Amino acid sequence: MNARAIIQQASKANTVRILWEHNPQTDNIGFASSMSGMIAELRRTPAGARWTTAEGEEFYDRNADMLIARLTDTPVPIAELALWITGQTSPKATGVERDPSGRLLQALDNGWSIRVLNYETDLPSAMPSVMEVQSGELRIRLAFEEYQL
């Protein structure tokens, strides 16, 4: 998946490009800016997670959610985010609202508010094209450019 993201926290905002390869066992997420190119890469495996900066610094944690906080200042639930970007929620989501085609419009999941603002097409199988996820003061707006499922 390729997307542009606006990450807002309190009074600051950053725009990054996200390149994400996901499967149930691993994630490889690249973060880039238009000004400086690659900012960092996050890799998650069953053994743990590694955050590598553009300068080559490496940080390790058992939990990828905690490492992404190096960019967002707040942990982001990677496993749930992988569901949300495809218009799904975890089984524990509440307040789930869907459009007449059954596509996700909004929900509360794992302490996060999810809102799908637009879909690629009007087809029931369409993927989200723009969405926002928010927890506390952290809001991430994603505009998807490419999906490879």
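# Notebook: strands, a cavity and a pocket

I started with the strand pairing: β4 (residues 37-45) and β5 run antiparallel and share 6 bridges. The model I am reading is a predicted one.

**Entry 1. The β4, β5, β6 stretch.**
I checked the connection between β4 and β5. The two strands make a hairpin, and 2 residues sit between them. I picked out one bridge by residue: Arg44 has Ala49 of β5 as its partner.

Next I followed β5 to its other pairing. Strand β6 (residues 58-61) is antiparallel to β5, with 4 bridges joining them. Here I noted Trp51, whose bridge partner in β6 is Phe59. β5 and β6 also form a hairpin, this one with 4 residues between the strands. I looked at the backbone there and found Gly56 with a positive phi near 95°.

Is β5 enclosed or open? I looked up burial along residues 48-53. Of the 6 residues in β5, 5 are buried, so the strand is largely enclosed by the rest of the structure.

**Entry 2. Ser33.**
I then went to a single residue. Ser33 belongs to strand β3. Its relative accessible area is 17%. The cut-off for buried is under 20%, so Ser33 counts as buried. I listed its contacts, leaving out residues up to four places away in sequence: Ser33 touches Thr15 and Ile39.

**Entry 3. The cavity.**
I wanted to know where empty space is left, and rolling a probe the size of a water molecule over the atoms shows that. How many cavities of 30 Å³ or more are there? I count 1 cavity. Its volume is about 120 Å³. There are 15 residues in its lining, and the closest to the centre are Ile18, Phe31, Ile68, Leu81 and Ile140.

I sorted the lining by element. Those giving two or more residues are β2 (12-22), β3 (27-33), α2 (69-72), α3 (78-84) and β11 (138-146). I sorted it by class as well. The cavity lining has 14 nonpolar residues, 1 polar residue and no charged residues.

**Entry 4. The pocket.**
I turned to open space. The largest pocket holds about 290 Å³. I found 13 residues in its lining. Nearest the pocket centre are Met1, Trp20, Glu21, His22 and Gln148.

Which element gives the largest share of this lining? Strand β2 does, with 4 residues. By class, the pocket lining splits into 7 nonpolar, 4 polar and 2 charged residues. I set that beside the cavity, where no charged residue is in the lining. β2 appears in both entries: it heads the pocket lining, and it is among the elements giving two or more residues to the cavity lining.

**Entry 5. The whole chain.**
I stepped back to the full protein. I count 3 helices and 11 strands. From the N terminus, the order is β-β-β-β-β-β-α-α-α-β-β-β-β-β. The radius of gyration is 15 Å, close to the 15 Å of the globule rule for 149 residues, so the protein is as compact as a globular protein of that length.

I took the extents too. The C-alpha trace spans about 50 × 35 × 30 Å along its principal axes. For burial, 44% of the 149 residues count as buried. Last, I looked at contacts between residues at least 6 apart in sequence. Of these, 27% join residues at least 24 apart.

Methods:
Residues are numbered from 1 along each chain as its sequence is written. This is a predicted model: local features need pLDDT of at least 70, side-chain atom pairs count only at pLDDT 80 or more; totals for chains, interfaces and linings use all residues. Side-chain values use heavy atoms; hydrogens and water are left out. On a 1 Å grid over the protein atoms alone, a cavity is a set of points where a 1.4 Å probe fits but cannot get out, and a pocket is an open set with protein on both sides within 12 Å along at least five of seven lines; lining residues have an atom within 4 Å of a point. Grid points are joined across faces, edges and corners, and a volume is the space filled by probe spheres set on the points. Ala, Val, Leu, Ile, Met, Phe, Trp, Tyr, Cys and Pro count as nonpolar, Asp, Glu, Lys and Arg as charged, and the others, Gly among them, as polar. Buried means under 20% relative accessible area, exposed over 50%, partly exposed in between (1.4 Å probe, protein chains only). Two strands pair if DSSP finds at least two bridges between them. Contact means heavy atoms within 4.5 Å. The radius of gyration is taken over C-alpha atoms; the globule rule is 2.2 Å times the number of residues to the power 0.38.
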